[in-house]
Amino acid sequence: MPTSVYMEDLDAFTYQRQLAEGSGIVLIPAGSIEQHGPHMPLNVDVLLSRAMAGSLAEAVGALVAAPIVYGYKSQQRSGGGNHLHGTTSLNAETVISISKTLTLELARHGVRKVAFVNGHYENYQFLFEGVDLALRELRLGGVEDMKVMLLSYWDFVDGATIAELYPDGFPGWDVEHGGVLETSLMLHLHPEKVDVGRIADLPPAQLPNYDVLPVRPELTPGSGCLSSAAQATADKGEILLKRATAAMAAALDHEFLATDPR
Ligand SMILES: [Zn+2]
């Protein structure tokens, strides 16, 4: 069987061998099934977190676990809202349970270095909670050496890259939903899944600085996108992938591989 960084492609014995021979790090991509405007499919966050994790795995000798496909409820101010058609989300307790369970399962395999590579803004705090509960349980069972990192890939795009890729001004990561970042990465990684002719070129959404329940649907632009993807290109996607991968690899290296992390 050919080797792959993707765990689900491997047979169980090759998985075990690659874990032992590599850096021992396992990455868990976390996505969502969420509308991403008229020009991209519902599983953008799954595709991008998995591809980011794959690129990162090659850089640090890690393996990539099968992705978490569904995510926490889309929020109106960062993903358009959970009322939108197609968006299919989990309750917080389910996300917490999934991240806790996967952490415990990998620990059972003997893994001691895990990183969640998040691709859906709303997941983060619930992934964190599940990991915290898993580590408490492991400690009670005598496992003291498990270490878990959580990262959202856009946090590894530096200011210089933002200035270079957003010459007309950066709208902010919260409204980068179906915008330049995700669309550029999709054009680079999965161009056949982007319908460029359907990109809605509209100004960034003007959302209030508070939430209201039930949501007022009229606050979300009709396209479901919170900023324009008109300036997205495959070249920008390649730059984003390379720079985010390098910065994430440095963070993993620092926490997992350096002899004296500080
Ligand atoms: Zn997304």
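How are the donor residues of the zinc ion spaced in sequence? The spacing is H-x8-D-x136-E. The model shown in these close-ups is predicted.

**View 1. Three protein donors sit around the zinc ion.** They are His36 through NE2, Asp45 through OD and Glu182 through OE. These donors lie 1.9 to 2.0 Å from the zinc ion. Asp45 belongs to helix 2 (residues 44-60), and Glu182 belongs to helix 7 (residues 180-189). The pair therefore ties together parts that are 137 residues apart in sequence.

**View 2. Two of the zinc donors, Asp45 and Glu182, are shown with their burial.** Asp45 has 2% relative accessibility, so Asp45 counts as buried. Glu182 has 5% relative accessibility and also counts as buried, because buried means under 20%.

**View 3. Four strands form an open sheet.** Their order is 2-1-5-6, and the pairing is parallel. Strand 2 (63-64) and strand 6 (147-152) stand at the edges. Each has a single partner strand, so one side of each is left without a neighbour in the sheet.

**View 4. Strand 5 (residues 113-118) runs parallel to strand 6.** Six bridges join the two strands. Within this pairing, Phe116 stands opposite Leu150 of strand 6.

**View 5. Helix 2 and helix 8 lie across strands of the sheet.** Helix 2 lies across strand 1 (25-30), strand 2 and strand 5. Helix 2 runs at about 165° to strand 1. Helix 8 (residues 234-257) lies across strand 1, strand 5 and strand 6. Helix 8 runs at about 165° to strand 6.

Conventions
Residues numbered from 1 in each chain as written. Predicted model: local features only at pLDDT ≥ 70, side-chain atom pairs only at ≥ 80, totals over all residues. Heavy atoms only, no water. Donors = N, O, S within 2.8 Å, 3.2 Å for Na, K, Ca; no water. Buried < 20%, exposed > 50% of the residue type's maximum accessible area, 1.4 Å probe, protein only. Pairing = 2+ DSSP bridges. Contact = heavy atoms within 4.5 Å. Axes fitted to C-alpha atoms, helices over the stretch in contact; angles between N-to-C directions.
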